[in-house]
Amino acid sequence: MADAPLGALGATPPRPDPWLHIVGIGEDGLAGLTPATRAVVESAEVILGGDRHHHLSDAITAERIAWPSPFSAMIETIRGLRGRRAVVLVTGDPLWFSAGARIARGIPPEEITFHPQLSAFQLASARLGWSLADCETLTVHGRPVEQMIAFIQPEARLLILTTGAETPAKIARFLTERGFGASRMTVLAAMGGAEERRFEARADAWDHEVPEFNTLAVECVAAPDAALLPRVPGLDDALFRSDGTMTKREVRAITLAKLMPMRGALLWDIGCGSGSVAIEWMRAARYARAIGIEPRADRRALAAENALALGTPRLELVAGDAPAALEGLPAPDAIFIGGGLTAEVFAAAFAALRPLGRLAANAVTIEGEARLAALAAEHGGELTRIDISRSGPVGGLTGFKPLRPVTQWSLVKR
């Protein structure tokens, strides 16, 4: 038998040698690096990093490159260093809410050697004596601060990478407005360095001026009248501003159970109205995304307002009617159609849905129910009738008043 070419019999092709080193560095600078990692930095021809990183390593002679502006140009800048002894300096652990993960999406990870340092989360939990496994670790660095609102829960411990000196005061306001003003806040700055500082106060009494680069720890304490905002779907209807046309609490919870929110998954909410389904989808799973398609500007404004108030500021809103407004949108993992379902809308939506994607459509009229039944007969899935009654006054007594029944069709794309 003639020799087969490499790879023909399943042999693994040789991996490229790593040429890029991404080094985590702390406030103690070069002194905090292991001998092996320090040798890598000392032998670098070129070092890329922020002003703070260059200051922490200024004892080393090498060509220096600042983070490019905009930051999105970073990958091309780094690719241009191929063939040189290149080091990128980042803060703490390069792969935990850091630039290292972003670089690894643009450059094959096998071409990179990562050199982790203690993260701000690890340092903060050590300073406070908190079990890191029992904390929510968040970042609002360069992101909307409102996204932390979804994590405000009684007795929760939050460790937050902030976006600047003003961030703790904003978060103190969010806590206080929601009945968590007694929450204990601690800002830790320059951890591990000679200038390490600590600031503490209740959220409702926060008035510290803190350094620009800091980490915030919050121990949530709820007042008896605090707003309870669980991440499990089914928030109180009163928490949403709407014009009255919204998916009600119990129906919303059932709908989201059929849509199955998952980490990083994308939902299309067609006819999103006040955005209640899309917002609860995003709250229910880490990094879940949603696009709300809504033709009315007043309802899009309500959805945007609700998204900010309930901790999902990244809800994307698209003006227009389906199916035309669906063109060019990224393929979804789930689709909700709250009204206006037609054969054309279903065909366009279902064609875009990714394999194992979930679709749920609700109807409250006889005509809408007939369309759901016809589509279910053709495509399969499950039809469900949802009848909800809520208690209310009946004369001087109490009785149950039914809400309008909802017919729901759901299916999984296989």
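Here is a short chat about one pocket and one strand in this model.

Author: Quick ground rules: this is a predicted model, where local features need pLDDT of at least 70, side-chain atom pairs count only at pLDDT 80 or more, and totals for chains, interfaces and linings use all residues. Residues are numbered from 1 along each chain as its sequence is written, and side-chain values use heavy atoms, with hydrogens and water left out.

Reader: Why is E2 said to pair with E3?

Author: Two strands pair if DSSP finds at least two bridges between them. E2 (residues 46-49) and E3 (residues 63-66) have four, in the parallel sense, so they qualify. Val46 stands opposite Glu63 in E3. Strands here are DSSP runs of E, at least two residues, and helices runs of H or I, at least four, numbered from the N terminus.

Reader: What makes the crossover from E2 to E3 right-handed?

Author: The chain goes from E2 through helix H2 (residues 51-56) to E3. With the strands pointing away from the viewer, a right-handed path from the first strand over the helix to the second runs clockwise, and this β-α-β crossover is right-handed.

Reader: How do you know that E2 pairs with E4?

Author: Three bridges join E2 to E4 (residues 86-91), and the two run parallel; the bar is at least two bridges, so this is a pair. Ile47 sits opposite Val87 there.

Reader: What makes Val46, Leu48, Ile47 and Gly49 count as buried?

Author: Buried means under 20% relative accessible area (1.4 Å probe, protein chains only). All of these residues are buried, with Val46 and Leu48 pointing one way and Ile47 and Gly49 the other.

Terms used
Buried means under 20% relative accessible area, exposed over 50%, partly exposed in between (1.4 Å probe, protein chains only).
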